[in-house]
Amino acid sequence: MNKSEIHNESVKSGLVNKKNNSQTNYQPELLVNDTSNGKKFLTNLISELESCNEFWISVAFVTTSGIATLMNTLIELEKKNIRGKILTSQYLNFTQPEALKRLRKFKNIELKIAINDSFHSKGYLFKHGKINNIIIGSSNLTQNALCLNKEWNLKISARENELIYDQVINEFTKEYESAILVTDAFIDRYSIIWNTATAIAERVNLSSVFQKTKVEPNQMQKDALNNLKNLRANGCRKALLISATGTGKTYLSAFDVQKFKPGKFLFVVHRRIIAEKAMETFRNLIDNQISMGVFSGDTKEKDADYLFSTIQTVSKEENLKLFCKNHFDYIVIDESHRAGADSYKKILNYFSPKFLLGMTATPERTDGADIFKLFDYNIAYEIRLNRALSEDMLSPFHYYGVSDITINDELIDDFSDFNKLTCDERVKHIIEKSRLYGTDSGVITGLVFCPSNEISKQLSKKFNEVGFKSIYLSGESKEEIRTDAIKKLESNGKDKIDYIFTVDIFNEGIDIPSVNQIIMLRPTQSAIIFVQQLGRGLRKSKNKDYLTVIDFIGNYNNNYLVPIALYGDTSFNKDTIRKMLASGSNLIPGISTVNFDAISKDRIFDSINKANMQKLTDLKKDYHNLKYKIGKIPMMMDFINFGSRDPWLYSTYKKSYLNFVDLIEDRYKGSMSMELSKLLEYFTLEINNGKRVEESYLLSLLIRHEDISKNSFIDKIYSTYGYKIDEELIESLFINLNFEFIRKSFDCVKSDNNRIFIGDGLKNALDNDTFKKFLIDSIDYSIATFDSNFKLKLYNKGLVRYQKYSRKDVCRLLNWPKDISSTIYGYRTKNSITPCFVTYHKEDELDGDINYNDHFINSSLFAWESRSNRKKSSEEIQNVINSKRILLFVKKEDGEGTDFYYLGDVSIVEGSVEQGTMKNTNSPVVFFKYLLDKPVNDSLYNYIINI
């Protein structure tokens with residue numbers, strides 16, 4: 001079919017009969033925000049902008065936050081000179097002058113404003129050639145409308161000769177021609193009107209705020225308080241609260257103290273300024289009759305009922321002895337991840353409070369300290385960054401991954417010297433990007449994190465030389481100097497500064513709510529530190545719409561840590577990280593967005609490919625962190641349940657998870673024979689790898705019941721997953737479970753008529769408790785992994801679309817009786833089924849004879865070539881042509897490893913099979929065009945095709 005015919009069939013599917021089989025490209029679609037399912041209208045908007053050759057937008061409201069979500073896309077459109085028209089309005093004075101200023105910077109965009117007071121339209125037109133896309137609905141250009149609000153937007157495709165297209169064009173043109181051009185002079189006039197309207201609204205809001213003086217816990221704080229109450233009711237005297245920066249840990253502790261009503265109370269922090277701020281928080285909630293004081297340095301108000309102390313002061317021997325051991329009824333240790341230090345241990349060993357609460361955003365340690373043990377492994381509550389964002393507890397952020405520059409033909413990398421990092425060319429680049437991405441209000445309140453004190457000092461100096469006002473702080477800066485710098489940063493007066501430059505003294509404990517821009521100029525060495533620094537700008541503040549984060553990404557080895565930190569996934573599974581990165585903002589909760597320019601994204605993908613996720617030191621670190629958290633040797637499912645490193649990395653490191661545990665623990669050593677150990681390895685790697693669920697599911701049933709009817713098993717799979725399995729698949733299960741597929745032999749399962757039995761071999765093996773425990777854990781992991789990737793609408797005859805499979809996996813999932821993966825050179829036809837495996841970007845040095853020209857024509861069409869020295873008439877090619885099923889598997893490049901994305905089943909486009917020759921040789925080759933059963937989704941498609 002040609003494009004017009006495809007369009008016609010798609011329209012029929014959307015508007016006439018949904019059962020009509022058609023391509024989804026042009027089907028009418030309702031676009032909504034549904035972050036629970038990874039959907040944001042923003043993603044659709046960006047996709048349309050990236051693929052169009054012209055765009056027209058008509059919306060009533062445009063805000064700076066809305067433009068911030070689109071900044072990188074708009075920058076790329078300007079580079080490609082894709083022209084656009086944007087029409088907005090002054091309706092209710094909602095459109096922000098700063099947003100108009102941002103749009104005015106783009107030379108490819110013509111910006112007008114409607115003078116009609118009732119202008120309230122929301123429409124988008126994207127020209128793609130003969131067929132164009134129109135979106136009409138309820139979304140304005142605001143961060144909430146694009147990412148979070150319940151909005152309905154209908155997308156339809158229309159050709160230029162269709163009525164709806166003419167109507168949209170005519171209506172837009174009519175409104176656009178009657179609107180006025182936005183100029184600097186107009187923005188100046190409108191700013192006066194907007195500022196006046198905003199000031200009136202603020203006065204109204206302030207009057208309502210002053211009327212409400214009582215502070216109440218939010219829902220998450222209520223849940224945590226209830227957990228603390230229950231822990232104490234069960235006799236627990238210690239607990240640990242894990243809560244992201246800015247989520248109200250101090251208030252939560254004050255609420256709990258308010259309920260507990262201790263006679264004497266101690267709050268321990270590591271800096272005086274934090275102690276004083278904590279005391280202010282408690283004064284807002286606690287009865288005025290309770291006295292409060294500071295215990296820090298020369299100030300020792302020890303007779304106060306509630307003391308707020310620095311660790312440096314209270315841990316001194318002479319100060320401890322000022323109090324008896326049970327003087328305090330309730331003690332809070334803030335930033336309790338530090339509690340492994342000797343100074344904290346002195347306090348914990350000396351005092352015996354009725355209750356001890358630890359509070360931290362990051363309890364995991366890199367130095368081997370078991371912080372959880374100090375609090376008896378009682379976790380009162382846990383809220384990490386992404387959950388806090390989804391609950392709207394923090395300020396939203398718009399992150400921009402920006403490529404650092406090349407200086408004298410050398411990239412900025414982990415080993416760049418001082419002069420390169422502070423040269424005028426780089427400073428100019430940093431300033432240019434800071435101005436381009438700006439802030440929510442246009443006024444900067446910024447922090448800049450640098451790799452060293454000397455670089456921090458020099459960059460601050462150079463910023464000041466070009467007109468910025470900044471201060472450099474280091475660990476040597478005195479407390480009063482830090483306090484003064486923060487006051488100047490938050491000031492609105494003449495002494496205001498734009499930036500504080502530092503290395504890591506602001507990683508934790510400092511509260512500067514008004515920070516609206518963070519610049520990262522250091523390689524990310526730790527996801528924990530990245531989140532700590534990001535957290536400095538995530539506190540909510542009056543008149544702060546969002547935080548701008550500008551991260552300069554050089555050629556750093558640890559770039560893969562950036563998406564791990566941003567998306568909050570600590571599995572260290574490479575495919576998971578790639579999917580997160582390719583998803584853009586879809587997997588970021590709420591209205592926050594993540595944006596990378598093309599170069600920085602490629603640098604991160606390259607870092608993912610090169611990263612070793614199985615360094616023994618890293619595996620041990622995460623193993624011990626989880627062990628400390630749960631207070632016992634963790635099983636594979638514990639890693640899943642607690643969101644830690646993917647336990648498959650441990651299993652493949654030593655062929656089974658038990659083998660890894662034996663490497664660092666004595667608990668199970670010698671509890672199994674070599675034969676059982678080998679058998680567990682086979683089950684781990686060949687059966688319970690999460691690629692197909694039926695084997696693992698059947699094993700689980702047989703271990704519990706020893707036998708099951710075939711019909712019952714078929715029904716259980718159907719009721720659980722929604723698809724039917726047949727006799728061919730059941731036969732394949734027997735072959736795999738008895739290890740015949742890998743040319744071994746084991747009595748695991750057998751059948752008699754309609755019943756499936758556990759075999760004597762497996763039954764005997766299960767007599768060993770260690771084997772049974774770790775086999776069941778492996779089975780549970782496999783089922784959980786399959787379930788996490790499974791969606792019925794993506795399931796197709798044994799495979800899940802967009803999941804990754806090795807050639808060996810595919811042989812197994814196609815129910816082939818033996819593993820013949822070593823003989824599949826790109827493709828192989830067996831039983832009239834042909835899986836095709838394509839590496840999309842080949843290595844440059846590949847020989848011309850095998851440098852196949854496989855490529856996407858579009859997301860639905862794939863140009864495929866046979867192996868060299870093949871003719872159309874050959875048996876091999878005829879087998880492909882006559883296949884009952886052809887499957888397409890693609891990976892981006894060899895650096896991804898041995899697994900390929902399953903993109904779907906394909907059919908050969910009629911008349912497309914042609915005899916030809918290889919590009920660089922005269923070797924005969926056969927050309928095909930494949931039509932995919934469904935177009936590849938945008939994120940994966942763009943990831944694969946872009947170099």
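Asn 543 sits in the loop between helix 20 (527–535) and strand 24 (547–553), where helices (H or I, at least four residues) and strands (E, at least two) are DSSP runs numbered from the N terminus. Although Asn 543 is not a glycine, its phi is positive, at about 65°. Most residues other than glycine have a negative phi. Tyr 377, also not a glycine, has a positive phi of about 60°. The loop that holds Tyr 377 runs between helix 14 (371–374) and strand 16 (379–383). With a relative accessible area of 31%, Tyr 377 is partly exposed; buried means under 20% relative accessible area, exposed over 50%, and partly exposed in between (1.4 Å probe, protein chains only).

The model described here is predicted, so local features need pLDDT of at least 70 and side-chain atom pairs count only at pLDDT 80 or more, while totals for chains, interfaces and linings use all residues. Residues are numbered from 1 along each chain as its sequence is written, and side-chain values use heavy atoms, with hydrogens and water left out.

A good place to start exploring is the open sheet, in which eight strands follow the order 1-7-6-5-2-3-4-8 with mixed pairing. Strand 1 (29–31) and strand 8 (180–181) are at the edges; each has a single partner strand, so one side of each is left without a neighbour in the sheet. Two strands count as paired if DSSP finds at least two bridges between them. Strand 2 (residues 54–59) and strand 3 (residues 83–89) pair in the parallel sense, over five bridges, and Ile 57 stands opposite Ile 86 in strand 3. Helix 4 (residues 97–104) packs on the sheet and touches strand 3 and strand 4 (109–114), its direction making about 150° with that of strand 4. Helix 1 (residues 3–15) lies across strand 6 (131–137) and strand 7 (153–159), running at about 145° to strand 7. For these angles, axes are lines fitted to C-alpha atoms, for helices over the stretch in contact, and the values run from 0 to 180 degrees between N-to-C directions; contact means heavy atoms within 4.5 Å.

Turning to the interior, the largest nonpolar core has 190 residues, of which Phe 683, Phe 771 and Leu 903 touch the most other members. Such a core is a set of buried Ala, Val, Leu, Ile, Met, Phe, Trp, Tyr and Cys residues joined through side-chain atoms within 4.5 Å. Not counting residues up to four places away in sequence, Phe 683 touches several residues, including Leu 699, Phe 739 and Phe 771. Another core, of 64 residues, lies apart from the largest one and has Leu 70, Cys 147, Ile 412 and Cys 423 among its members.

Charged pairs complete the picture. Counting a salt bridge as a side-chain nitrogen of Lys or Arg within 4 Å of a carboxyl oxygen of Asp or Glu, the total comes to 41 salt bridges. One of them joins Lys 155 and Glu 48 (3.4 Å, N to O). Lys 155 lies in strand 7 and Glu 48 in helix 2 (residues 41–51), so this pair ties together parts that are 107 residues apart in sequence. Lys 155 is buried at 11% relative accessible area, and Glu 48 is buried at 7%. Finally, Lys 804 forms a salt bridge with Glu 896, the closest N and O atoms being 2.9 Å apart. Asp 575, Arg 578, Lys 804 and Glu 896 are linked in a network of salt bridges.
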